[in-house]
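Biologist: I should like a close look at one part of this model, namely its interior packing, together with enough of the surroundings to place that part. Could you present this as one connected account?

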Amino acid sequence: MDEFLTEAWDARDVIVGGLLQTLSISALSILLGTALGTAVGVGLVYGGLPLRLVARAYADVMRGTPVLVLVLAAFYMPSVLGLHLQPFSAGVLALTLFCGAHIGEIVRGALQAIPRGQSEAAKAVGLTFYGVLLHVLLPQALRSLLPPWINTCVEMVKASTLLSVIGVGELLLRTQEIIGRNFLTLQFYLLAGAVYLVVNFAIERAGKALERRVAFR
Amino acid sequence: MGYTLNFAVVWTNLPRLLGGLLLGLELAVASLAIGTLIGVAGGFLSVGPSRAGRLLASFYVAVVRNTPILVIVLMLYFALPDLGVRLDKEPSFVTALSLYAGAYLTEVFRAGLVSVPPGLSEAGKAIGLTRLGIAVHVVGPVMLRNVLPALGSTFISLFKDTSIAAAIAVPELTFQARRINVESFRVVEAWTVASALYIATCFAIAAALRGLERRFPKF
């Protein structure tokens, strides 16, 4: 135990650096994925036939492929097509595409759950399509969207570990490097697991607090 | 650009890819089976009368669901030998995925149990069944039918999670695709075919499940 504590103290900068990397990967892909997913969800519900088909194909392909395959494909494929992506960008790209597909389905479900009368009433008072979307539908969708969105955030933090496979120095890869140096395998994997647990627990708690704030009173 | 598609290498390696796909399915089925046992036990515990049991179940679910599957897989494969437990790659991966599945399935079965109307178990009690008899003959079958859709989508995500076994060199589909990628540099072909195989399998499983759900109509 003493040995572990000394080693962990020595490695504190590396671990914190890895954690920061994990957090920025997750935050970036959640932000970009949410923007993409909102567009996909709106396209799935209100788009014309061609747009609906494209959005459906995109969502099905991304949701039918394992994240690790997306990460590896985003890492290896761009370079042969003449595009040079750093591992970090390739990883964030893969996670964003994955996240966008899941959020797209969530937004679709939330939009479809809103009673028809809402958009009819909004149209009746003369709002344009974007006005209806922005002022009537999306604010209502937000409420049912929040719990699955929080879940997706947790999933993205977990999925960020897959970037260790393509050499992005996030928490898991840093942990593996530390283990390679001191062979305290169990201790450092447990430490990494605990850090992920704390991060995800914090996200869940924050999500619950947010849900209470936007709940009907 | 200057990249011309050439699927020849992928076609000659197709048996390997399909073998990898089959291995992935086997890993997923094994993990689903063990995970279901864990999940049923956890589900009954979490709605049961024992406070310790409920705490244990919710602790297990919270810990496992908030830990990345890759961390669990690596921990079991690389760290368990330190404790004197040495498992081969496949059994080690199945153990990890089963533990992971068990946590999600505990939630699934808990929801399934809650959805069974209390009148049914009261009726079971009225005709003189024991508590075990009620669980096995009355509540169990109704719950199973209720959780069938969730069980199916868990199976699909488990199948996708078997790709993670590539990280400990289990020769499943992702591992084989990466091998083609590295050996032949047919990068685009390897990944599009692997991805297409995953998608097709997911769709086939989903279609089979819809058939199954039709055969056992809801109560």
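Modeller: The account below begins with the core, then turns to the chains around it.

Residues are numbered from 1 along each chain as its sequence is written, while chains are lettered from A and ligands numbered from 1 in the order in which they are written. This is a predicted model, in which local features need pLDDT of at least 70 and side-chain atom pairs count only at pLDDT 80 or more, whereas totals for chains, interfaces and linings use all residues. The model scores ipTM 0.91 and pTM 0.92. In chain B the average pLDDT (the predictor's confidence in each residue, from 0 to 100) is 93, and 99% of the residues score at least 70.

The largest nonpolar core has 115 residues. A nonpolar core is here a set of buried Ala, Val, Leu, Ile, Met, Phe, Trp, Tyr and Cys residues joined through C-beta atoms within 7 Å. A residue is buried if 20 or more other C-beta atoms lie within 10 Å of its own, exposed if 12 or fewer, and partly exposed in between, with C-beta atoms placed from the backbone. The members that touch the most other members are A:Val71, A:Phe98, B:Val73, B:Trp191 and B:Ala194. The element that gives the most to this core is helix 5 of chain A, residues 87-112, with 14 residues. Helices (H or I, at least four residues) and strands (E, at least two) are DSSP runs, numbered from the N terminus.

Helix 5 of chain A is mostly covered, since 21 of its 26 residues are buried. Its length is also consistent: at 1.5 Å a residue the 26 residues should span 38 Å, and the end C-alpha atoms are 37 Å apart, which agrees. The expected span is 1.5 Å times one less than the number of residues. Leaving aside neighbours within four places in sequence, A:Phe98 is in contact with A:Met62, A:Val67, A:Leu70 and A:Ala159. Two residues are in contact if their C-beta atoms, placed from the backbone, lie within 7 Å.

The contact between the two chains takes 28 residues from chain A and 32 residues from chain B. On the side of chain A that touches chain B, the elements giving two or more residues are helix 3 (49-64), helix 4 (67-80), helix 7 (129-159) and helix 9 (185-214). Helix 9 of chain A supplies the largest share, nine residues. By class, this side of chain A has 20 nonpolar, seven polar and one charged residues. Ala, Val, Leu, Ile, Met, Phe, Trp, Tyr, Cys and Pro count as nonpolar, Asp, Glu, Lys and Arg as charged, and the others, Gly among them, as polar.

Just before helix 9, A:Phe183 lies in the loop that follows helix 8 (171-182) of chain A. A:Phe183 has a positive phi of about 60° although it is not a glycine. With 11 C-beta neighbours inside 10 Å, A:Phe183 counts as exposed.

Chain B has nine helices and zero strands, and its C-alpha trace spans about 75 × 45 × 25 Å along its principal axes. Of its 219 residues, 42% count as buried. Among contacts in chain B between residues at least 6 apart in sequence, 75% join residues at least 24 apart.

B:Leu32 offers a view inside this chain, in helix 2 (residues 14-47). B:Leu32 is buried, with 20 other C-beta atoms within 10 Å. Not counting residues up to four places away in sequence, B:Leu32 touches B:Ala101, B:Phe155 and B:Leu158. The C-alpha atoms of B:Leu32 and B:Leu105 are separated by 9.0 Å, although these residues are 73 residues apart along the chain. By contrast, B:Ala169, in the loop between helix 7 (131-161) and helix 8 (173-184) of chain B, counts as exposed, with 10 C-beta neighbours inside 10 Å. B:Ala169 has a positive phi of about 65° although it is not a glycine.

Finally, the unreviewed UniProt entry places the feature "transmembrane region" at residues 20-47, 59-80 and 190-209 of chain B. UniProt positions are given in the numbering used here, feature names are shortened, and annotations may be inferred rather than shown by experiment. In the model, residues 20-47 of chain B are 100% helix and 0% strand, with end C-alpha atoms 39 Å apart. Residues 59-80 of chain B are 82% helix and 0% strand, with end C-alpha atoms 21 Å apart.
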